[in-house]
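Student: I'm new to this one and I'd like to know how the labels people put on a structure are earned. Can we go through some of them together?

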Amino acid sequence: MSEASDMPSGFRPFVDLDQARMRATRRLFAYWRANSAARRFHRTDIDPAAIVEILPFLILGDIESAPFRVRFRLVGTSVAEFSRLDFSGRYLDELNYGARDSVDWSDCYAHVHDRREPVIGTNRISFLDGKVSTYEFCILPLWRGADPAGSFVASESYEGFDRFDIPDLEPVGKRRHR
């Protein structure tokens, strides 16, 4: 596992359940750990019925290595609502988070893929009125073919946020192609 000091800011290795503050993060990590410890755990092995209570907060996707790209296969309803965009089927490099997120998502996914280890972190987000808040996230590697981190399951935990504040968030945008 990596030392937190050699990592970009905003995330660190996720090695212990006690690192998580939020219910959805704790639940996903416990489920992932139980299933990945004894076997190669693939995206297709995830049983939605086993984690139904956190499905709205999940993101499933693939990490492509050459060239490096992250494709979001499925975005939970709460993530889409909170992002103000359902980015299912899109690539990370097609999205613009810069106006609202403090975390460099490309660094996070590259770390998960290169080190084959889960991460947990806090994203500082900006509202349209200048207000700032945070939420907890985790990204957990999954096997895809022969790649032990070619896929992932992630969660974003928005506990404590009022749904009525969502319209005041900077939306995740689509990058304009040149």
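Tutor: Sure. Let's start with the largest pocket: strand 3 (68-75), strand 4 and helix 3 each supply at least two residues of its lining. Strand 3 gives the most, with three residues. Keep in mind that this is a predicted model.

Student: How much space lies in the largest pocket, and which residues are closest to its centre?

Tutor: About 220 Å³ of space lies in there. The lining has 15 residues, and the closest to the centre are L92, D104, W105, S106 and R175.

Student: What makes D104 a cap for helix 3?

Tutor: A side-chain oxygen of D104 lies 3.1 Å from the backbone nitrogen of S106, at the N-terminal end of helix 3. A polar contact needs N or O atoms within 3.5 Å, and 3.1 Å meets that limit. After helix 3 comes R116, whose phi is positive, near 55°.

Student: Which residues of helix 3 are buried, and what do they pack against?

Tutor: The buried ones are W105, C108, Y109, A110, H111, V112 and H113. They pack against strand 1 (11-13), strand 2, strand 3, strand 5 (119-126), strand 6 and strand 7 (147-157).

Student: How do you know that C108 is in no disulfide?

Tutor: The nearest cysteine sulfur, that of C138, is 11 Å away from the sulfur of C108. A disulfide needs two sulfurs within 2.5 Å, so 11 Å is too far for a bond. A search of the whole structure finds zero disulfides.

Student: And why are C108 and C138 called buried?

Tutor: Buried means under 20% relative accessible area. C108 has 0% and C138 has 1%, so both get the label.

Student: Where does C138 sit relative to the largest cavity?

Tutor: C138 is one of the lining residues, and others include W105, Y109, F137 and I139. Helix 3, strand 6 and strand 7 each give two or more residues to that lining. About 80 Å³ of space lies in the largest cavity, and a search of the whole structure finds one cavity of 30 Å³ or more.

Student: Let's do charges. Why is the pair R27 and E53 called a salt bridge?

Tutor: The closest N and O atoms are 2.8 Å apart. The cut-off is 4 Å between a side-chain nitrogen of Lys or Arg and a carboxyl oxygen of Asp or Glu, so R27 and E53 qualify. R27 lies in helix 1 (residues 23-36) and E53 in the loop between helix 1 and strand 2 (58-65), so the pair ties together parts that are 26 residues apart in sequence.

Student: Are R27 and E53 buried or partly exposed, and how do you know?

Tutor: R27 has a relative accessible area of 27% and E53 has 36%. Partly exposed covers the range between 20% and 50%, so both are partly exposed.

Student: How many salt bridges does the search find, and which residues share partners in one network?

Tutor: The search finds ten salt bridges in the whole structure. In one of them R43 meets D62, with the closest N and O atoms 3.4 Å apart. R43 lies in the loop between helix 1 and strand 2 and D62 in strand 2, so this pair ties together parts that are 19 residues apart in sequence. The side chains of D62 and R144 also meet in a salt bridge (3.4 Å, N to O). That pair links distant parts of the chain, with D62 in strand 2 and R144 in strand 6 (residues 132-144), 82 residues apart. Shared partners join R43, D62, R73 and R144 into one network.

Student: What makes D62 buried while R43 and R144 are partly exposed?

Tutor: D62 is at 2%, so it falls under the 20% limit for buried. R43 is at 22% and R144 is at 32%, so each counts as partly exposed.

Student: One more: why is R100 called buried?

Tutor: Its relative accessible area is 2%, so R100 is under the 20% limit. R100 is found in the loop between strand 4 (95-96) and helix 3 (105-115). The side chain of R100 makes a polar contact with the side chain of D101 (2.9 Å). Leaving aside neighbours within four places in sequence, R100 is in contact with residues including F82, R124, E170 and V172.

Key. Residues are numbered from 1 along each chain as its sequence is written. This is a predicted model: local features need pLDDT of at least 70, side-chain atom pairs count only at pLDDT 80 or more; totals for chains, interfaces and linings use all residues. Side-chain values use heavy atoms; hydrogens and water are left out. Helices (H or I, at least four residues) and strands (E, at least two) are DSSP runs, numbered from the N terminus. Buried means under 20% relative accessible area, exposed over 50%, partly exposed in between (1.4 Å probe, protein chains only). A polar contact is a pair of N or O atoms within 3.5 Å; within protein, one must be able to donate a hydrogen and the other to accept it, and residues adjacent in sequence count only if both atoms are side-chain atoms. Contact means heavy atoms within 4.5 Å. On a 1 Å grid over the protein atoms alone, a cavity is a set of points where a 1.4 Å probe fits but cannot get out, and a pocket is an open set with protein on both sides within 12 Å along at least five of seven lines; lining residues have an atom within 4 Å of a point. Grid points are joined across faces, edges and corners, and a volume is the space filled by probe spheres set on the points.
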